[in-house]
Amino acid sequence: MKLLVTGGAGFIGSAFLRMAIAETDWRVVNLDKLTYAGNLENLAEIERHERYRLVEGDIGDEALVESLLSGEKPDALVHFAAESHVDRSILSPEPVVRTNVNGTFTLLEAARRNRLARFVHVSTDEVYGSLEAPREADESFPLNPSSPYSASKAASDLLARSYFLTWGLPVVITRASNNYGPCQFPEKLIPLMIANALEDRPLPVYGDGMQVRDWLYVEDHCRGILEVLRKGREGEIYNIGGNRSLPNLEVVRQVLALAGKPESLIRYVTDRPGHDRRYALSSEKLMRETGWRPVMDFETGLARTIAWYRANSAWVARVRSGEYRAYYEKNYDPARWCAERRP
Ligand code: NAD
Ligand code: DAU
């Protein structure tokens with residue numbers, strides 16, 4: 001089996017590649033543009049492996065994508081590459097649409113021309129939008145995205161599905177909830193809170209902090225994708241949730257408690273525009289069809305993640321230099337910090 005993976009230098013893609021090399025005998029080619037979010041340090045343990053190869057490039061580069069599909073002749077493609085951060089999609093939506101929509105289109109076209117046997121499109125629960133409690137989204141739930149990021153993912157999901165319905169391209173779509181774990185870029189809630197807490201910096205909580213997310217340990221997500229790759233039915237969608245819904249404020253408090261830091265580090269800041277209040281996902285279909293279930297409990301996963309960030313302060317320091325500083329200043333400008341909105 002030969003696999004083409006896109007975005008394999010990112011947080012989830014790198015965890016998937018480490019798992020695929022360790023647990024299968026597949027050959028894997030990783031197509032990654034190495035944006036700010038792509039980090040080859042995440043792949044250090046497999047970079048010299050004989051079954052692994054990196055191709056640095058853009059999924060929107062038609063000639064490159066065509067040459068990879070026609071030259072490498074992969075048996076399957078797992079498509080992780082994306083601009084993945086909601087706040088960045090609000091500050092600057094253009095790269096998000098270019099990669100998530102146009103880039104996915106380029107991959108689908110090449111897959112169709114080359115009669116690819118399996119196309120796993122990695123998507124998100126954000127496409128379902130905000131849900132009132134106690135509702136949970138199953139795969140038939142209507143799409144109702146709020147941010148440029150989630151709208152771009154919904155658009156690419158629909159494009160991918162259209163290639164199955166129109167040309168029979170064997171597409172399978174996964175929609176996962178919020179991931180956490182080692183190697184996550186410290187712009188997302190959990191790694192940002194951990195990195196700030198460990199350096200005694202303020203922890204910015206948007207709005208009242210009562211927004212609810214469902215937390216999925218990254219390795220549980222990757223195992224779910226492996227199951228879908230092996231057993232998922234063509235044209236189907238599979239939700240992959242962590243079955244652990246928590247308000248952000250509780251997550252932040254747990255981070256502080258586990259890191260041994262005071263709650264006085266919490267700062268309530270101006271809310272994210274269009275902020276979805278609650279995500280909730282049913283993974284019943286994936287569990288029923290493959291036997292998969294999330295095995296990591298949140299407290300253990302969070303403690304393990306904090307331990308990783310503690311042990312990898314040099315990784316955090318390297319990631320936080322350069323481009324990150326400009327982003328942080330823009331997203332968390334002083335006006336935002338002034339707003340006190342305690343629940
Ligand atoms: P990430 O931002 O950590 O990594 C994205 C990777 O894609 C990086 O290596 C980057 O260099 C690469 N990339 C970006 N644009 C590219 C382009 N044009 N061509 C080639 N490579 C490009 O993202 P992540 O958190 O690992 O998410 C991976 C996928 O999973 C995304 O599709 C995301 O929408 C989806 N997802 C993420 C979460 C989550 O909680 N992080 C949850 C559900 C679904
Ligand atoms: O639900 C899956 C999605 O989860 C993925 O598709 C996205 O790629 C991923 O980025 C993530 O999106 P969220 O917007 O839910 O994740 P984020 O970590 O940015 O925010 C989680 C919650 O925490 C959200 O309610 C906003 C809040 N938040 C976030 C940051 C960065 C804060 O309160 N303060 C912060 O500084």
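## Exercises on two ligand shells and a strand

In this predicted model, the residues of the shell around ligand 1 divide into twelve nonpolar, twelve polar and five charged.

**Exercise 1.** Describe the surroundings of ligand 1, beginning with the residues that come closest and ending with the elements that supply the shell.

*Solution.* Begin with the shell as a whole: 29 residues surround ligand 1, and the closest are Ile 12, Asp 32, Ser 84, Tyr 149 and Lys 153. Next, look for polar contacts, for which a pair of N or O atoms must lie within 3.5 Å. Tyr 149 offers one from its side chain, where an N or O atom is 2.6 Å from an oxygen atom of ligand 1. The backbone takes part as well, since a polar backbone atom of Phe 11 is 3.0 Å from an oxygen atom of ligand 1, while a backbone N or O atom of Lys 33 lies 3.0 Å from a nitrogen atom of ligand 1. Then consider the cover: ligand 1 has 840 Å² of accessible area on its own, and the protein covers 97% of that area. Finally, two or more residues of the shell come from each of α1 (11-23), β5 (119-124), α5 (148-167) and β7 (178-180), and the largest share, three residues, is that of β5.

**Exercise 2.** Work out which side chains make polar contacts with ligand 2, and how the shell around ligand 2 is made up by class.

*Solution.* Of the 26 residues around ligand 2, those that come nearest are Asp 125, Glu 126, Tyr 149, Arg 272 and His 275. Arg 272 has a polar side-chain atom 2.6 Å from an oxygen atom of ligand 2. An N or O atom in the side chain of Thr 124 is 2.7 Å from an oxygen atom of ligand 2, and for the side chain of Asn 178 the distance is likewise 2.7 Å. The protein covers 95% of the 680 Å² of accessible area that ligand 2 has on its own. By class, the shell around ligand 2 holds eleven nonpolar, eight polar and seven charged residues, and α3 (86-91), α6 (189-198) and β8 (203-206) each supply at least two residues of that shell.

**Exercise 3.** Place strand β4 between its partners, and decide whether its residues are buried or exposed.

*Solution.* Take one partner at a time. Strand β1 (residues 2-6) pairs with β4 in the parallel sense over four bridges, and Val 5 stands opposite Val 78 in β4. Strand β5 also runs parallel to β4, joined by three bridges, with Leu 77 opposite Phe 119 in β5. Now turn to the side chains of β4 (residues 76-79): Ala 76 and Val 78 point one way, Leu 77 and His 79 point the other way, and all are buried.

Key
Residues are numbered from 1 along each chain as its sequence is written. Chains are lettered from A and ligands numbered from 1 in the order in which they are written. This is a predicted model: local features need pLDDT of at least 70, side-chain atom pairs count only at pLDDT 80 or more; totals for chains, interfaces and linings use all residues. Side-chain values use heavy atoms; hydrogens and water are left out. A residue is near a molecule or strand if one of its heavy atoms lies within 4 Å of it. A polar contact is a pair of N or O atoms within 3.5 Å; within protein, one must be able to donate a hydrogen and the other to accept it, and residues adjacent in sequence count only if both atoms are side-chain atoms. Accessible areas come from the Shrake-Rupley method with a 1.4 Å probe; for residues, only the protein chains shown count as cover. Ala, Val, Leu, Ile, Met, Phe, Trp, Tyr, Cys and Pro count as nonpolar, Asp, Glu, Lys and Arg as charged, and the others, Gly among them, as polar. Buried means under 20% relative accessible area, exposed over 50%, partly exposed in between (1.4 Å probe, protein chains only). Two strands pair if DSSP finds at least two bridges between them.
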